[in-house]
Amino acid sequence: MVGGGIAGLTAAYMLSLEGLRVAVVEAMRVIMDVTGFTTGKLTTQHGQVYGLISERYGLDKAQLYADANQAALARIISIIEDNSIDCDFQRTDSWLFTEESAGLETIHGEVELALKLGLPASYSETTPMPFTKGAMRFEGQAQFHPRKYLMFLADQVVARGGSVLENTRALDIAEKEPGAVLKTSHGDITAGSVIIATNTPFYQSSLYAPRFSPTRSYVLGVKLEQQVPEGMHYCIDDHAASIRNQPLPGTDERLLMVGCWDKSLDISETEAQYEKVEAYARERLPLASVDYHWFTQDQKTPDRIPWIGRVKDSRHIYVATGFGGWGMTTSGVAGMLLTDMIAGRDTPYAALYDPSRAIQQ
Ligand SMILES: Cc1cc2nc3c(=O)[nH]c(=O)nc-3n(C[C@H](O)[C@H](O)[C@H](O)COP(=O)(O)OP(=O)(O)OC[C@H]3O[C@@H](n4cnc5c(N)ncnc54)[C@H](O)[C@@H]3O)c2cc1C
């Protein structure tokens, strides 16, 4: 396994449960890259993704996407509950909202589609946030602390005979029947299969990198002069605000995370982007203080469906990338799908996520 973020550690854990010995090779420390800066919404409500998929590929593909993510959500929740993982897990609703009258038609369309797909959706005129015009509500979703959850999975990989090799960079992969050889900064590793879970793939990168559209999100951790509203919130309007609360360790207080997505990756604009997010939050909520800020980015594929599966012209090399800002349940999809593929089991989701789609995109 190359990559110690949520994709790599989830797949490593699921493969360990199959009885395989897994080595996780991580260039830095685990959970210190994109996953270390996520907002950790554990939801199958992925913005307007169902509308986009059904428009482009039809209802059947949107159904597969919904089923895969519903199954992943259930699996992650059962991992947390069955193992009593202490990771700030809380069931809560997820809201896709608009602040503009013009956005209501889109929201109604998404609700109608989500209901056709059997998703737990309903329309609501109000939300726990006071400034919304209307929203789609998904019940039975959850929030958690991904780092606390993933440290448990990493420990389990080691407890089951595997290893987590930090500060070890993967450099190249060569297929050598009956498996593959991973070349790393600390020597070669021979394995039956290699999974590339490095967010941006380092292998066959010229196939994926030019097709990605990276989007960065600038996030603030703020305290309010009032009780912090419940729920996880995501806005379909231009600023694409993403909001949710997080308990502050050792206190009864809750922090509110408020983030806005932006296409700009220009580092010189960072301060201006934080100011924009703060202005957005101050216009809508009574801020008491701005305590934290951070940014990170994720990769989107052209059709918004991640690339998960066997890489082009290969028998033993797999990839999981292009999560488009929704890597929490998608990592569960990747773990389940890749485990099935490596174990030689049929899976209904392989064609939907097939990375060879990248060539045509
Ligand atoms: C601000 C923000 C908020 C988000 N909020 C949510 C949310 O609320 N809900 C949700 O579902 N999704 C969310 N996402 C998306 C989600 O966080 C990501 O999709 C997910 O964390 C990506 O995980 P990953 O394992 O692919 O990548 P990473 O966490 O980046 O892991 C990849 C790892 O690979 C390592 N690596 C790279 N190259 C090599 C190499 N050559 N050799 C060895 N190791 C290597 C890196 O060091 C890194 O540790 C958010 C994204 C952003 C940007």
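Here is a quick tour of some helices, open spaces and buried residues in this structure. Keep in mind that the model is predicted. Its largest pocket has a volume of about 900 Å³, and helices α3 and α8 cross at roughly 95°. We'll start with the helices, move on to the empty spaces, and finish with three buried residues.

**Helix α2 and what comes after it**

- Helix α2 covers residues 49-57, and its buried residues are V49, Y50, G51 and I53.
- What do those buried residues pack against? Their partners are α3 (59-82) and α4 (104-116).
- Right after α2 comes G58, and this glycine has a positive phi, near 100°.

**Where α3 meets α8**

- Two packed helices are described by the angle between their axes and the distance between the axes.
- For α3 and α8 (residues 327-342), the axes come within 8 Å and the crossing angle is roughly 95°.
- Angles from 65 to 115 degrees count as roughly perpendicular, so α3 and α8 are roughly perpendicular to each other.
- On the α3 side, the contact is made by A68, N69, A71, A72, L73, R75 and I76. On the α8 side, M328, T329, T330, G332, V333 and M336 do the job.
- Sort the residues of this contact by class and you get eight nonpolar, four polar and one charged.

**The largest pocket**

- Rolling a probe the size of a water molecule over the atoms shows where empty space is left.
- The largest pocket comes out at about 900 Å³.
- Which residues sit closest to its centre? Of the 47 that line the largest pocket, the closest are D33, V34, T35, N199 and D298.
- Elements giving two or more residues to this lining are α1 (6-17), β11 (213-224), β15 (287-300), β17 (317-321) and α8.
- Strand β15 gives the most, with four residues.
- The lining of the largest pocket is a mix of 21 nonpolar, 20 polar and six charged residues.

**The cavity**

- Searching the whole structure turns up one cavity of 30 Å³ or more.
- The largest cavity holds about 50 Å³ of space.
- Its lining is made up of V49, Y65, K300, R304, P306, G322, F323, G324 and W326. You've already met V49, one of the buried residues of α2.
- By class, the lining of the largest cavity has five nonpolar, two polar and two charged residues.

**Three residues to look up**

- H316 is in the loop between β16 (307-310) and β17. Is H316 buried or exposed? Its relative accessible area is 10%, and buried means under 20%, so H316 is buried.
- Leaving aside residues up to four places away in sequence, H316 touches E175, E177, P178, G179, A180, G192, S193 and V194.
- T270 belongs to helix α7 (residues 270-284). With 10% relative accessibility, T270 counts as buried too.
- Again leaving aside residues up to four places away in sequence, T270 touches Y218 and F295.
- V2 lies in the segment before α1, and at 3% relative accessibility V2 counts as buried.
- How far apart are V2 and L165 in space? They are 163 residues apart in sequence, yet 9.7 Å apart in space, C-alpha to C-alpha.
- Not counting residues up to four places away in sequence, V2 touches V25, A170, L182, V194, I195, I196, A197, T198 and F202. V194 also shows up among the residues that H316 touches.

Key: Residues numbered from 1 in each chain as written. Predicted model: local features only at pLDDT ≥ 70, side-chain atom pairs only at ≥ 80, totals over all residues. Heavy atoms only, no water. Buried < 20%, exposed > 50% of the residue type's maximum accessible area, 1.4 Å probe, protein only. Contact = heavy atoms within 4.5 Å. Axes fitted to C-alpha atoms, helices over the stretch in contact; angles between N-to-C directions. Parallel < 35°, antiparallel > 145°, perpendicular 65-115°, else oblique. Nonpolar A, V, L, I, M, F, W, Y, C, P; charged D, E, K, R; others polar. 1 Å grid on protein atoms, 1.4 Å probe; cavity = no way out; pocket = protein on both sides within 12 Å on 5 of 7 lines; lining within 4 Å. Points joined across faces, edges and corners; volume = space filled by probe spheres on them.
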